[in-house]
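Open the model in your viewer and set it to cartoon, with side chains hidden for now. The stops below are meant to be taken in order.

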Amino acid sequence: MKSHSGWGSLKNPVKFKIPTSENLVPIRLDIEIDGQRFRDAFTWNPNDPDSEVVVFAKRTVKDLKLPPAFVTQIAQSIQSQLTEFRSYEGQDMHTGERVVPIKLDLRVNHTVIKDHFFWDLNNFESDPEEFARTFCKDMGIEDPEVGPAIAIAIREQLYEIAIQSVASARESRANKKGRRGTEHLSASKIGMPALDLVKLFGIKSSVVRKKRDWDVYEPIVDLLSNEEVDALEAREERIAR
């Protein structure tokens with residue numbers, strides 16, 4: 001049975017929301033000051049007062065013993081990402097009823113994860129954190145930092161899709177205004193988010209992976225040695241420079 005509380009069709013757009021039970025902002029920080037680099041990723045409740053941003057930045061700098069200059073940089077980066085997220089709030093978006101491919105390709109400490117599955121955009125009760133906890137349990141992953149990293153990666157991709165859906169709604173409105181009574185509306189324009197995703201992931205949308213599908217899209221989890229991690233981090237540092 002299909003849900004009727006999902007994303008709007010072309011006729012009935014809904015207001016911007018990431019298709020999860022909690023509408024959280026994925027925040028990613030990558031800040032370097034005087035040769036010292038700080039990277040982190042986490043979620044933020046956009047309804048929290050902005051005063052919490054500076055409190056968080058000060059606590060982070062204190063806990064990690066970072067130079068004081070990081071406080072302003074961390075706070076500004078979080079604030080700018082929150083401002084961008086809020087700029088979409090209240091705007092119409094639509095995608096119709098569909099599922100989208102999600103790709104995981106990340107390294108957390110010694111653990112490398114590669115996976116590919118599908119996410120139902122109409123399930124506004126979906127929970128990336130719960131998915132990540134189940135994934136780690138099923139795959140025997142013990143590092144407590146892996147689950148949150150997986151959830152963030154999923155949320156970032158769903159956020160991008162939601163932004164595309166706002167652009168799609170805006171474009172179809174502009175097209176309707178430009179038609180001046182004609183009924184012709186470019187299907188390719190309305191289909192752009194779906195087409196972009198197919199191009200991006202190289203596969204058409206299917207269904208959310210069930211346990212029995214794991215033989216088709218089997219997750220890959222590797223544990224790296226200290227030497228392999230050192231080599232990877234050295235390469236990442238070179239690329240960052």
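This tour of a predicted model goes from a hairpin to a sheet and ends at a pocket.

**Stop 1: the hairpin.** Select residues 25-33, which are strand 2, and residues 36-44, which are strand 3. The two strands run antiparallel and are joined by nine bridges. To see one of these pairings, show Pro-26 and look across to Thr-43, its bridge partner in strand 3. Then go to the turn, where two residues lie between the strands. Asp-34 in this hairpin has a positive phi, near 50 degrees.

**Stop 2: the three-stranded sheet.** Now select strand 5 (99-108), strand 6 (111-120) and strand 7 (220-223). They make an open sheet with the order 5-6-7 and antiparallel pairing. Which strands stand at the edges? Strand 5 and strand 7 do; each has a single partner strand, so one side of each has no neighbour in the sheet. On average, neighbouring strands here are turned by 15 degrees against each other, direction ignored.

Zoom in on strand 6 and strand 7, which four bridges connect. Show Val-112 and Asp-222: the latter, in strand 7, is the bridge partner of the former.

**Stop 3: the helix across the sheet.** Add residues 128-139, which form helix 3. This helix lies across strand 6 and strand 7, and runs at about 130 degrees to strand 6.

**Stop 4: the largest pocket.** Turn on the surface and show Arg-28, Ala-41, Arg-107, Val-108 and Ala-149, the lining residues that lie nearest the centre of the largest pocket. The pocket holds about 1,200 Å³ of space, and its lining has 35 residues.

Which elements supply at least two residues each to this lining? They are strand 2 and strand 3 from the first stop, strand 5 from the second, and also helix 4 (146-179) and helix 7 (226-240). Colour the model by domain next: domain 1 (14-92) and domain 2 (96-173 + 192-240) each give at least three residues to the lining. Last, colour the lining by residue class, which gives 17 nonpolar, four polar and 14 charged residues.

Technical notes. Residues are numbered from 1 along each chain as its sequence is written. This is a predicted model: local features need pLDDT of at least 70, side-chain atom pairs count only at pLDDT 80 or more; totals for chains, interfaces and linings use all residues. Side-chain values use heavy atoms; hydrogens and water are left out. On a 1 Å grid over the protein atoms alone, a cavity is a set of points where a 1.4 Å probe fits but cannot get out, and a pocket is an open set with protein on both sides within 12 Å along at least five of seven lines; lining residues have an atom within 4 Å of a point. Grid points are joined across faces, edges and corners, and a volume is the space filled by probe spheres set on the points. Ala, Val, Leu, Ile, Met, Phe, Trp, Tyr, Cys and Pro count as nonpolar, Asp, Glu, Lys and Arg as charged, and the others, Gly among them, as polar. Domain bounds come from an automatic or database domain assignment. Two strands pair if DSSP finds at least two bridges between them. Axes are lines fitted to C-alpha atoms, for helices over the stretch in contact, and angles run from 0 to 180 degrees between N-to-C directions. Contact means heavy atoms within 4.5 Å.
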